[in-house]
Amino acid sequence: MDRLADGGAEVDFAVPLAELHGVAAGVAGRVAGRARFARIQGLPVAELTVRGAATLECQRCLQPMSVPIERLVKVALVASEADAARVPPELEPMLAPGGRISIGELLTEELLLTLPIVALHAEGEPCTASSAQTPAGEQAQDTHKPFARLADLLRR
Ligand SMILES: [Zn+2]
């Protein structure tokens, strides 16, 4: 992985998310893409194309949910926080002492930015907490008193 930026290297990758250290435990799925290394305004830059899907656990119904990932970013590899200030706005600064970073580290950083901190099924997606696993009566009550549960939580 050393000095890829100088060589104009291109690296194709396909990585199961479970193999990325630093991505939250329990995240499944797979991403694939290409990293292209270049120099822009003297800075080592990694142009990263990532496609795939992450499978996370919905924090409401605890069922798996899929989060599509499609990113194209240009990351400037900077040696220090001070250098980050010199990075042009179209580039995303990332700390990489010596301009060196592994594909895994790049992906981990990107995914931390991309994946939701609290995963929840989107509106309109089947979220079993509000349908199959909830008794009909309770569900109707929820609809009319959306804050009832919040009040319960506050009382604790
Ligand atoms: Zn859900």
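**Figure 1. Buried cysteines in the predicted model.** Let's start with a pair of cysteines: Cys58 and Cys61 are both buried in this predicted model. Cys61 counts as buried because its relative accessibility is 5%, and the cut-off for that class is under 20%. Cys127 joins them as a buried residue, with a relative accessible area of 4%.

**Figure 2. The zinc ion and its protein donors.** Here we zoom in on the metal. The zinc ion takes its protein donors from Cys58 (SG), Cys61 (SG), His121 (ND1) and Cys127 (SG), at distances of 1.9 to 2.3 Å. Angles among the four donor atoms run from 105 to 117°, and the site is tetrahedral. For comparison, the ideal angle for four tetrahedral donors is 109.5 degrees. Along the sequence, the donor residues follow the spacing C-x2-C-x59-H-x5-C.

**Figure 3. A look for disulfides.** With cysteines in view, you may wonder how many disulfides a search of the whole structure finds. The count is zero. As a reminder, a disulfide is a covalent bond between the sulfur atoms of two cysteines.

**Figure 4. Helix α3 and the strands it packs against.** Helix α3 covers residues 103–114, twelve residues in total. From its first C-alpha to its last it reaches 16 Å, close to the 16 Å expected at 1.5 Å a residue. Its buried residues are Ile103, Leu106, Leu107, Thr108, Glu110 and Leu111. In an α-helix there are 3.6 residues a turn, so residues three or four places apart point the same way. The buried residues of α3 pack against five strands to look for in this view: β1 (10–16), β2 (28–40), β3 (43–57), β4 (64–78) and β5 (92–95).

Definitions and conventions
Residues numbered from 1 in each chain as written. Predicted model: local features only at pLDDT ≥ 70, side-chain atom pairs only at ≥ 80, totals over all residues. Heavy atoms only, no water. Donors = N, O, S within 2.8 Å, 3.2 Å for Na, K, Ca; no water. Tetrahedral: all angles 85-135°; square planar, octahedral: opposite > 155°, others 65-115°. Buried < 20%, exposed > 50% of the residue type's maximum accessible area, 1.4 Å probe, protein only. Helix = DSSP H or I, 4+ residues; strand = E, 2+ residues; numbered from the N terminus. Expected span 1.5 Å × (residues − 1). Contact = heavy atoms within 4.5 Å. Disulfide = S-S within 2.5 Å.
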